[in-house]
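Thank you all for making time this morning. I would like to walk you through one structure, strand by strand and helix by helix, so please keep the view open while I talk.

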Amino acid sequence: MSPFTGSARPTETWRHLSYAVDARDVATVTLARPEKLNALTFGAYADLRDLLAELSREKTVRALVLTGEGRGFCSGGDVDEIIGATLSMDTAQLLDFNRMTGQVVRAVREAPFPVIAAVHGVAAGAGAVLALAADFRIADPSARFAFLFTKVGLSGGDMGAAYLLPRVVGLGHATRLLMLGDPVRAPEAERIGLISELADEGQADAAALALARRLADGPALAHAQTKALLTAELDMPLAAAVEMDAATQALLMNGEDYAEFHAAFTEKRPPKWQGR
């Protein structure tokens, strides 16, 4: 994402979600419709897309936690405000909407900082894909994932799910989850690799925040490049991947953090990472 912007100012207020950043450059984005289990609206999708783009350009955030207020993480698209509304849209409008939802997933994957989803309760439909797109998924025992798209008569491959899910849990599990749409509770999600860490009951947010702060205190540029390579190399042949690795390492070896590690090791002190 380019850091160069035009005349537009950074957005001061986000109407469809809650956003905060702490003194350690950790951002928290909260889906804040607890009375609707944080069901997504057109505005929520657009805010997520635009917020992630702004943060990626500004490069002031070193890690981001995505969470949901109330009893669950996110129940997916709002049945009335999205599913009902889309029934009256023409093909061009529907294509614009579906492209926007995919842009949200791309923004999560392409953000130059780690994104940690803190999942409790339901993560269904688009909510499950948002969690899937994150770099880490921290879940408490109440978490249950459900890729519900076929249950509403649509393809299970929505928002990049058919691309991402097989790469996380394997083709066999992905086929079952996307075709059947059955819920996956926390123990099974941990077993098949859908979650990164199973937290204690009620502690998913705290565990995700602790991980975000650990990442934010680390070498931010190294984390950004690792994430970029993980995404870019998914479909590369080995020869191209190792060449990209070599070019990336050569650039980072000219960076301040690499020199700082050597200085810290020599002086027997913790490194002071600058993200450069």
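Let me begin with strand β1, residues 18–21, and strand β2, which pair in the antiparallel sense over four bridges. Before I go further, please keep in mind that this is a predicted model. Within the pairing of these two strands, V21 stands opposite A27 of β2. The two strands form a hairpin with four residues between them, and in that hairpin D25 takes a positive phi near 65 degrees.

I would like to stay with D25 for a moment. As background, most residues other than glycine have a negative phi. D25 is not a glycine, and yet its phi is positive, near 65 degrees. The residue lies in the loop between β1 and β2, and with a relative accessible area of 29% D25 is partly exposed.

There is another residue of this kind to point out, which is K268, where phi is positive at about 55 degrees although the residue is not a glycine. You will find K268 in the segment after α11, the helix of residues 256–267. How accessible is K268? Its relative accessibility is 76%, and K268 therefore counts as exposed.

Now let us return to β2 and follow the pairing onward. Strand β2 covers residues 26–31, and five of its six residues are buried, so that the strand is mostly covered. On from the hairpin, β2 is joined by six bridges to strand β3, residues 63–68, and these two strands run parallel. One of the pairs to look for is L31 with its bridge partner G68 in β3.

From β3 we can step to β4, since three bridges join these strands, which again run parallel. Here the bridge partner of L64 is V115 in β4. How many of the five residues of strand β4, residues 115–119, are buried? Five of the five are, so β4 is largely enclosed by the rest of the structure. In a regular strand, side chains alternate between the two faces of the sheet. In β4, V115, A117 and V119 point one way while I116 and A118 point the other way, and all of them are buried.

The next step is from β4 to β6, where four bridges join the two strands in a parallel run. In this pairing A117 stands opposite R137 of β6. Strand β6 covers residues 136–139 and includes F136, which is partly exposed, with a relative accessible area of 27%. Leaving aside residues up to four places away in sequence, F136 touches P114, V115, I116, A117, S196, L211 and L215. By contrast with those contacts, T101 is 35 residues from F136 in sequence and 20 Å from it in space, C-alpha to C-alpha.

Let me turn to another group of strands. Three strands form an open sheet in the order β5-β7-β8, and the pairing in this sheet is mixed. At its edges stand β5, residues 122–124, and β8, residues 184–185, each with a single partner strand, so one side of each has no neighbour in the sheet. Strand β7, residues 144–146, pairs with β8 in the antiparallel sense over two bridges, and the bridge partner of R144 is R185 in β8. Helix α4 packs on this sheet, where it touches β5 and β7, and the direction of α4 makes about 95 degrees with that of β5.

That brings me to the helix itself, and to the question of how many of the eight residues of α4 are buried. Eight of the eight are, so α4 is largely enclosed by the rest of the structure. The buried residues are A126, G127, A128, V129, L130, A131, L132 and A133.

Finally, I would like to look at how α4 meets helix α3. Two packed helices are described by the angle between their axes and the distance between the axes. The axes of α3, residues 91–110, and α4, residues 126–133, come within 9 Å and cross at roughly 20 degrees. The two helices are therefore roughly parallel to each other, and their crossing is right-handed. At the contact, V104, V105, V108 and R109 of α3 meet V129, L130 and A133 of α4. By class, this contact has six nonpolar residues, no polar ones and one charged residue.

Terms used
Residues are numbered from 1 along each chain as its sequence is written. This is a predicted model: local features need pLDDT of at least 70, side-chain atom pairs count only at pLDDT 80 or more; totals for chains, interfaces and linings use all residues. Side-chain values use heavy atoms; hydrogens and water are left out. Axes are lines fitted to C-alpha atoms, for helices over the stretch in contact, and angles run from 0 to 180 degrees between N-to-C directions. Angles under 35 degrees count as roughly parallel, over 145 as roughly antiparallel, 65 to 115 as roughly perpendicular and the rest as oblique. A crossing is left-handed if the near helix is turned anticlockwise from the far one by less than a right angle, and right-handed if clockwise. Contact means heavy atoms within 4.5 Å. Ala, Val, Leu, Ile, Met, Phe, Trp, Tyr, Cys and Pro count as nonpolar, Asp, Glu, Lys and Arg as charged, and the others, Gly among them, as polar. Buried means under 20% relative accessible area, exposed over 50%, partly exposed in between (1.4 Å probe, protein chains only). Two strands pair if DSSP finds at least two bridges between them.
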